[in-house]
Amino acid sequence: MSARQWFNVHSWAGLFVGALLFVTCLSGTLATLSHELEYLSDSQFRAISDSGDTDFAAIERTLNTHYPGAQVMYLARHKQDYLATEVQLKIQGSFRFVYVDGATGALLGEGPWARISRFLRNWHMTLSMGWTGKLIITSLSLLLVVLLVSSLYVYRQWWRHFFKRPAALTLSKRNSWSDWHKLLGLWSYWFILVMALTGLWYLLEHGLQTAKIDHYVAPPPAVTQLANQNEKSTRPPLTLSAAYQAAKQAFPSLDIRYISYPQHSHQAIQIRGYNDDILLRLRANKVYLHPATGAVLGIQKGEQLPLVPRLKDTADPLHFGNFAGLGTKLIWAFFGALMTFVSGAGVVMGWLRVRRKTSAIRWLGVSGVIAIALVLASVVATSMSFSVRNVPAQLFSPVLGVEK
C-alpha cells in the first residue's frame, strides 16, 4: 500500500466513529480515577486511618448499632487504603451504601447506588445499553488496532520525532493540530496498544459469554454439591467477623478485601482478596464458605490459574491501571488524557481539511451521525439508569442488631 492509501485507512478509522471513540477515551480516563473523584467530592468517601489492616469485628459492631434490622449484601475495601470501606445493605427491601473506616470501623456516611464511579463505569463499559453497548465499546478495539498499524506507515521515520518541537496550537490551523496529534500519539503509543489489546480481550470475552462457552475455572465440587442440595438451612447465617476468621484460617496469606453473602442458604459465601500476585484483580483469589457453618468449601489461588482464566483476571488491572496504588492510576489517567486528545485532534484535523468544501453533515456521513447519536443517547441512558439497583428478594445473611 502507498503512503496515501495508509493515510486514507488511518483517517477512515479515526473518523468512522470519531465522536464515540473520543467519548470512550474520555470516560475511561475519568473512570480510572472515579473513586478518587468521589474522595475529593465528599468526606464520607475518605478513610480516617491509613492502616492496611481491616477490623471486621469493629465494622460489624458499627453496623449492628446504626442499622438494626438490615442485612449485609457485601463488604468491599479498596486496594487504596485512603478510600472508605463500602458495605452494601438491604434495608426493608431497599438498597443503601454505608461507608466506614476499614481499620477502625468508624461510620463515615451513607448514600444510594447512584454516585460518580457508577455513572462513569456504566457509561464507559456499556454506554448503559447492556449487551449491545458492550459490543459497540469492545469493537472499538478493532479500530484502535487499525489506527496503530496505519500510523506507523503514515508517520514515516516516526522514531526520529519523539523530541520534535510542535508548532504552537492554533484552533484554526490544521498543521498545528497535526504536530500535536503526532507527538502525543508517539508518546502514548504503548498505552494505546495496551488499551487495544485489553479491548480485544473484552470483545472475545463478550463473545464467549454470549455463546455461553465456559472459559473460567469451575467452582469447587463442594460448592456445586451444596447448590444441588437446594435445602433451607435451620442455622443462622455466618457473621462478618466469623466469615473473616474462617477464611483467614483457611488461606492465611490472603489480604481479605471482600465478603459477599448469597441469596440462598444453599449458596456459598465468597471471600476475596490479594495474595502478592502480579497483575491480578480481586476475584482471582477466593475462599468459598458454607453460609451457615463456616466450613471451607474450596480455595482458589490466583497463582494456580490456567492461562485463559489468568488473562481474564489480568485484563482489568492492565486496562484501568489499578495494580500498584495511586501512582499507576495517575500514570494511566495521564496517558488516557493524551489518548483522548489524540482522538479529538484527529477529528478536528479531519474537519479542518474539508470544511471549505462540504457541510458538517456530509463530512460526518452516516457513521458519524450515528456515532454522535449514540453518544447523546448514552449520556441520557446513563443519567436515567445509573441510580437503578435491583435488591434481591431473598438474602441469606445475618440480620444486624439481633443478639446472637
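A salt bridge is taken here as a side-chain nitrogen of Lys or Arg within 4 Å of a carboxyl oxygen of Asp or Glu. The model is a predicted one, in which local features need pLDDT of at least 70 and side-chain atom pairs count only at pLDDT 80 or more, while totals for chains, interfaces and linings use all residues. Residues are numbered from 1 along each chain as its sequence is written, and side-chain values use heavy atoms, with hydrogens and water left out.

**Salt bridges**

The structure holds 9 salt bridges, including the three listed here.

| Pair | N to O distance |
|---|---|
| R281 and D313 | 2.7 Å |
| K312 and E205 | 2.4 Å |
| R257 and D255 | 3.2 Å |

Helices (H or I, at least four residues) and strands (E, at least two) are DSSP runs, numbered from the N terminus. In the pair R281 and D313, which meet in a salt bridge, R281 lies in the loop between β6 (269–274) and β7 (285–289) and D313 in helix α11, so the contact ties together parts that are 32 residues apart in sequence. Both R281 and D313 are buried, where buried means under 20% relative accessible area, exposed over 50%, and partly exposed in between (1.4 Å probe, protein chains only). The salt bridge between K312 and E205 joins helix α11 (residues 307–320) to helix α8, and so links parts that are 107 residues apart in sequence; K312 and E205 are likewise buried. R257 counts as buried at 4% relative accessibility, whereas its partner D255 is partly exposed, with a relative accessible area of 29%.

**A buried acid without a salt bridge**

D101 lies in the loop between β3 (94–100) and β4 (107–111). D101 is buried yet has no salt bridge, and the nearest side chain of opposite charge, that of R77, is 5.8 Å away; for this purpose Lys and Arg count as positive and Asp and Glu as negative, with His and the chain ends not counted. The side chain of D101 does, however, reach the backbone nitrogen of I48 at 2.6 Å.

**E60**

Another acidic residue is E60, found in helix α4 (residues 56–66). E60 counts as buried because its relative accessibility is 12%. The C-alpha atoms of E60 and V72, which are 12 residues apart along the chain, are separated by 9.7 Å.

Definitions and conventions:
A polar contact is a pair of N or O atoms within 3.5 Å; within protein, one must be able to donate a hydrogen and the other to accept it, and residues adjacent in sequence count only if both atoms are side-chain atoms.
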